[in-house]
Amino acid sequence: MPTPSSLVTSLPASGIRQMMAKAMAIPGVARLDVGEPQFDTPGHIVDAAFAAARAGFTKYTASAGLISTREAIARSVSQDVPTSVSADNIVVTVGAVGALSSAVRAVVDAGDDVLIPNPGWPNYIAMVRCAGAEPRPYALHSDNGFVPTSHDLEGALTPRAKAILINTPANPTGAVFPQKVMEMVLNFAQAHDLYVISDEVYGKIVFGRELPHTSAWGLGHDERVIVANSLSKTYSMTGWRIGWSLAAPDMTVQIAKLQEAYVSCCSSIAQKAAEAALSGDQACVHAACGAYHRNLEIAEAALDSQGIGHARSAGTFFLWVDVGCHDSWSFADRFLQERKVAVAPGDAFGSQGHGRVRLSLASSVEQVEYGVQQLAEFCASEPRA
Ligand SMILES: Cc1ncc(COP(=O)(O)O)c(C=O)c1O
C-alpha cells in the first residue's frame, strides 16, 4: 500500500486552527482567537468584481498576473517605499501565503536552513518544511520590544542558512521594526549572504503613535529581498486570496514559474477587484485601522487596570498578553470552556510564547470589551506560574 509523503505527514497541525474549531462548536463564543477583520469587503471592491465577471474577466491570466493588476500593485507600493517599483517586480499571488511559500521555494535547496521568528506566525514552519528546508527559530525578547538584535539572529545562524524570514508589523506581538532594526537585518543578511523574506502583510495597520512601517524594500539590498504582502488584512479581503511578491525582476521570473506549477494563476475576477481596492478611495483602510486602534486602547486599559502584563502593540490587530500560566494550551482551553472566550495559546507561536496568549482585536468592540473583562477576572482567579 503506498503511503503519503513523510514530509507532509510530519507537518504539525495549526494550533490556531484547532482552537478555532473548538470555538466554532460552542454557541455564543467571543472570538478573539483568529486574525480575521470584522468588516465586510468595501462595496466598491465587490462591485468591481461583479463588473469584471460581466465584462468577461473569467479566463486564465498570465502566471505572474494581469499586467493591469501588477501595475496597480506597483503604483501603490511605489507610494510606500523609497524607490520606484514596476510591474517587473511584482507577481500576483494567492494571498501573502502564496507569496511567502513561493519566496521560500525560490531561494532554498533541500537541506538548507531558514531563520524564522520565535514567537512567530506558525505557518512559517510548514512553509519552510514543505520546501525541504529546516526552520531555525531566532528568539525575540520582551526586553527588546520583540524586535531582533544581531545577537538574536546569530543565535540561530547555521552553515546551511540560506534566508532569514522577518515579519513587521509582527504577528503575534504587534512589534514594528524601527528603520535601524531593518537596516541591521539587511546588513546581517549581506554579511552572511542570506536572502531576506519580509512578511509585511500588516504594513498598513500601524497606529502611528510610535512608529511608521518600514519596508525591507528600497534600502539598498533589493537583490536579496523578497517582500510578501496582500489585500487580506488591509481591505478585509481574506477570502479573495490576492497578494503579491515584490522582488528583483530576475527573482520575479522564478516566482512566476513556481506559481505556474502550483496554481497556474490567481482568480481573474479577484485580480480586477484588487485593482479597485488599490486604486480607489483609501478611507476604508483608515476607518478599519482606527477601529483596531480603539479596540487596542480598550483592551490595554482593561488589562493595565488589573496589572496584567502585555506587549506594547504598535501595529497589527494583536495583543500579546502575559497571563503567567504554566501551559497556555490548557489555559486557553479552560478559558474557552468556562468563560466562552476564544484566544490563541502563546505556545502555538513557538517556545517564546510560553505563559502567554494572543488576543485578536479585529472583532467587534463589544466582543473585545467582554473578552478582556473575562480575561482579567479569569487571570485573577488562576494561580500564576
Ligand atoms: C503574519 C501573517 N502573514 C501572512 C498571513 C496570511 O495572509 P494571506 O491571508 O494574505 O495569505 C497572515 C494571516 O493570518 C499572517 O498573520
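**Exercise 1. In what order do the seven strands of the open sheet run?**

Solution.
- The model is predicted.
- Walk across the sheet one strand at a time: the order is β2-β8-β7-β6-β5-β3-β4.
- The pairing along this row is mixed.
- Now look at the two ends. β2 (90-93) and β4 each have a single partner strand, so one side of each has no neighbour in the sheet.
- From one strand to the next, the twist averages 25°.

**Exercise 2. Describe how β2 pairs and which helix packs on the sheet beside it**.

Solution.
- Start with the partner. β2 pairs with β8 (residues 243-246).
- The sense is antiparallel, and the pairing has four bridges.
- Take one bridge as a check: I90 is matched with L246 in β8.
- Then add the helix. α9 (residues 249-262) packs on the sheet and touches β2, β7 (225-230) and β8.
- Compare directions: α9 makes about 20° with β2.

**Exercise 3. Work out which residues surround the ligand, and sort them by class**.

Solution.
- Count the shell: 13 residues surround the ligand.
- Pick out the closest. They are G95, A96, V97, S230 and S232.
- Ask which element gives the largest share. Helix α5 (residues 95-107) does, with three residues.
- Sort by class. The shell holds four nonpolar, eight polar and one charged residues.

**Exercise 4. Find two cis peptide bonds and place their prolines in the fold**.

Solution.
- Recall the background: most peptide bonds are trans, and most residues other than glycine have a negative phi.
- Inspect the bond from T168 to P169. Its omega is near -15°, and the bond is cis.
- Inspect the bond from N171 to P172. This bond is cis too, with omega near 15°.
- Place P169: it sits in the loop that joins β5 (161-167) and α8 (179-191).
- Place P172: its loop is also the one between β5 and α8.

**Exercise 5. F146 and K340 have a positive phi. Is each one buried, partly exposed or exposed?**

Solution.
- Take F146. Its phi is near 60°, and it is not a glycine.
- Locate F146 in the loop between β4 (134-139) and α7 (150-156).
- Count its surroundings. F146 has 24 C-beta neighbours inside 10 Å, so it counts as buried. The cut-off for buried is 20 or more.
- Take K340. Its phi is about 60°, again positive in a residue that is not a glycine.
- Locate K340 in the loop between α12 (328-339) and β11 (341-342).
- Count again. K340 has 16 C-beta neighbours inside 10 Å, so it counts as partly exposed.

**Exercise 6. Judge how compact the whole protein is**.

Solution.
- List the elements: the protein has 13 helices and 13 strands.
- Compare radii. The radius of gyration is 20 Å, and the globule rule gives 21 Å for 385 residues.
- Draw the conclusion: the two values are close, so the protein is as compact as a globular protein of that length.
- Check the box. Along the principal axes, the C-alpha atoms fill roughly 55 × 55 × 50 Å.
- Check burial: 52% of the 385 residues count as buried.
- Check contacts. Among those with a separation of 6 or more, 74% join residues 24 or more positions apart.

Conventions:
Residues are numbered from 1 along each chain as its sequence is written. This is a predicted model: local features need pLDDT of at least 70, side-chain atom pairs count only at pLDDT 80 or more; totals for chains, interfaces and linings use all residues. Helices (H or I, at least four residues) and strands (E, at least two) are DSSP runs, numbered from the N terminus. The radius of gyration is taken over C-alpha atoms; the globule rule is 2.2 Å times the number of residues to the power 0.38. A residue is buried if 20 or more other C-beta atoms lie within 10 Å of its own, exposed if 12 or fewer, and partly exposed in between; C-beta atoms are placed from the backbone. Two residues are in contact if their C-beta atoms, placed from the backbone, lie within 7 Å. A residue is near a molecule or strand if its C-beta atom, placed from the backbone, lies within 6 Å of it. Ala, Val, Leu, Ile, Met, Phe, Trp, Tyr, Cys and Pro count as nonpolar, Asp, Glu, Lys and Arg as charged, and the others, Gly among them, as polar. Two strands pair if DSSP finds at least two bridges between them. Axes are lines fitted to C-alpha atoms, for helices over the stretch in contact, and angles run from 0 to 180 degrees between N-to-C directions.
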